[in-house]
There are 2 protein chains.
Amino acid sequence: MTFEDNISADFSARDADAGVDPRLVTRWSPRAFKKVSLSDSDLVTLFDAARWAPSCQNAQPWRFYVSTEDSFDQYLSLLVEGNQVWAKNASVLCFVVVKKTFEHNGKANGFAEFDAGAAWMALAMQARHMGLYTHAMGGIKAAEITQALALDDDHKVVCGIAIGMAADASALPAELAAREKPTPRKALADIVFR
Amino acid sequence: MTFEDNISADFSARDADAGVDPRLVTRWSPRAFKKVSLSDSDLVTLFDAARWAPSCQNAQPWRFYVSTEDSFDQYLSLLVEGNQVWAKNASVLCFVVVKKTFEHNGKANGFAEFDAGAAWMALAMQARHMGLYTHAMGGIKAAEITQALALDDDHKVVCGIAIGMAADASALPAELAAREKPTPRKALADIVFR
């Protein structure tokens, strides 16, 4: 289903080139979420989008561990406390895991994290397509997650993702509310060299 | 400008969920390119899109080294031979480089490659938005690129990207022409766990 996107954000810090797809420019990572339930069907659609990212040798090294209603609190406890404060209102929490080796020859896949990042971006764009928002978190308890998910040495947890409907900034504690806006970016000249 | 996308591809191997944004499902990585010139303005728009990807602490660790008309042949020579065969017809070649440490504290950025993958996906989607195609390549001469681009120890080259207008498969050598179609993906159950 499509969720109604009823928050307004201030994009004045985003000086995008006029030709850039506005869907890319208006994607951002809120902390204020409004608790709604996502159906199994919604979740299938969301994560299915990540499948279509490209990857080295089409190895698809990305894995997504997704909370259920029953495991949400456990997933929440595996975030650092600073993220728990706001991520508790997300609809779903997810951990991105990569398979570190290629299936066809067992050798190290040096592109696993890069390719998983592409799959994460596909997921983030699909969420916007459905009226939902995502917020990736480096602040996770990686060792505890590895244990909780029983990951073997061939798998590495990279980050967490909160997914849900955005809420007004007023739903946040004051210090987080003050930061609740789309971030700017470096100038193009700082990242492109010819 | 918008380029006319006049190739047809067989997506029958792509069993996407019906709710997935078709732009994600129909993005793929051709090898057959038709040589066209991209203006500086086109290139600004393309790479500007990558700026809007999310990153840990908004560090934006991605860097793009982009060929000019003068440096195209040098860039091409830095791909493995198997990629040179078809990438020679791309409009532009690019190397994705990551900054390995955070600017604000000099510590290792464990998310550099993951975040660069997100920026790459933004670029790939922007290319489609403009009627262009991208093809990322792991097959590059990394040591030679590091030297040619004078990268220091704080930077690592990850992959190459060919960008251009797609051409009919008949433009390729026979063995590549036979493989010129969108690849399938693993089943959702192989990458999502609840």
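Begin by selecting strand β2 (62-66) of chain A together with strand β6 (residues 192-193) of chain B. In this predicted model, β2(A) and β6(B) pair in the parallel sense over two bridges. To locate the pairing, display Phe64(A), whose bridge partner in β6(B) is Val192(B).

Next, colour the two chains separately and select the residues that lie between them. Here 53 residues of chain A are in contact with 53 residues of chain B. On the side of chain A that touches chain B, at least two residues each come from α1 (22-25), α2 (40-51), β2 (62-66), α5 (112-129), β5 (155-166) and β6 (192-193). The largest share, 13 residues, is supplied by α5(A). Colouring this side of chain A by class gives 31 nonpolar, eleven polar and eleven charged residues.

Now superpose the chains. A turn of 180° with a shift of 0.0 Å along the axis lays chain A on chain B with an RMSD of 0.0 Å. The two copies are therefore related as by a two-fold rotation axis. Both copies use the same surface, since 100% of the contact residues of chain A recur in chain B.

Proceed to helix α5 in each chain, residues 112-129 in chain B. The axes of α5(A) and α5(B) come within 6 Å and cross at roughly 55°. The two helices are therefore oblique to each other, and their crossing is right-handed. For the contact, select Glu113, Phe114, Asp115, Ala116, Gly117, Ala118, Trp120, Met121, Ala122 and Met125 in α5(A) and in α5(B). By class, the residues of this contact comprise 14 nonpolar, two polar and four charged.

Finally, keep α5(A) on display and add α2(A), which brings the view inside chain A. The axes of α2(A) and α5(A) come within 7 Å, crossing at roughly 140°. These two helices are therefore also oblique to each other, and α2(A) passes α5(A) in a right-handed crossing. On α2(A), select Leu46(A), Phe47(A), Ala49(A) and Ala50(A); they meet Ala119(A), Ala122(A), Leu123(A), Gln126(A) and Ala127(A) of α5(A). This contact has eight nonpolar residues, one polar residue and no charged residues. End at Ala122(A), which takes part in the contact of α5(A) with α5(B) and is also among the residues of α5(A) that meet α2(A).

Key
Residues numbered from 1 in each chain as written. Chains lettered and ligands numbered in written order. Predicted model: local features only at pLDDT ≥ 70, side-chain atom pairs only at ≥ 80, totals over all residues. Contact = placed C-beta atoms within 7 Å. Helix = DSSP H or I, 4+ residues; strand = E, 2+ residues; numbered from the N terminus. Nonpolar A, V, L, I, M, F, W, Y, C, P; charged D, E, K, R; others polar. Pairing = 2+ DSSP bridges. Least-squares fit on C-alpha atoms with pLDDT ≥ 70 in both. Axes fitted to C-alpha atoms, helices over the stretch in contact; angles between N-to-C directions. Parallel < 35°, antiparallel > 145°, perpendicular 65-115°, else oblique. Left-handed = near helix turned anticlockwise from the far one by under 90°.
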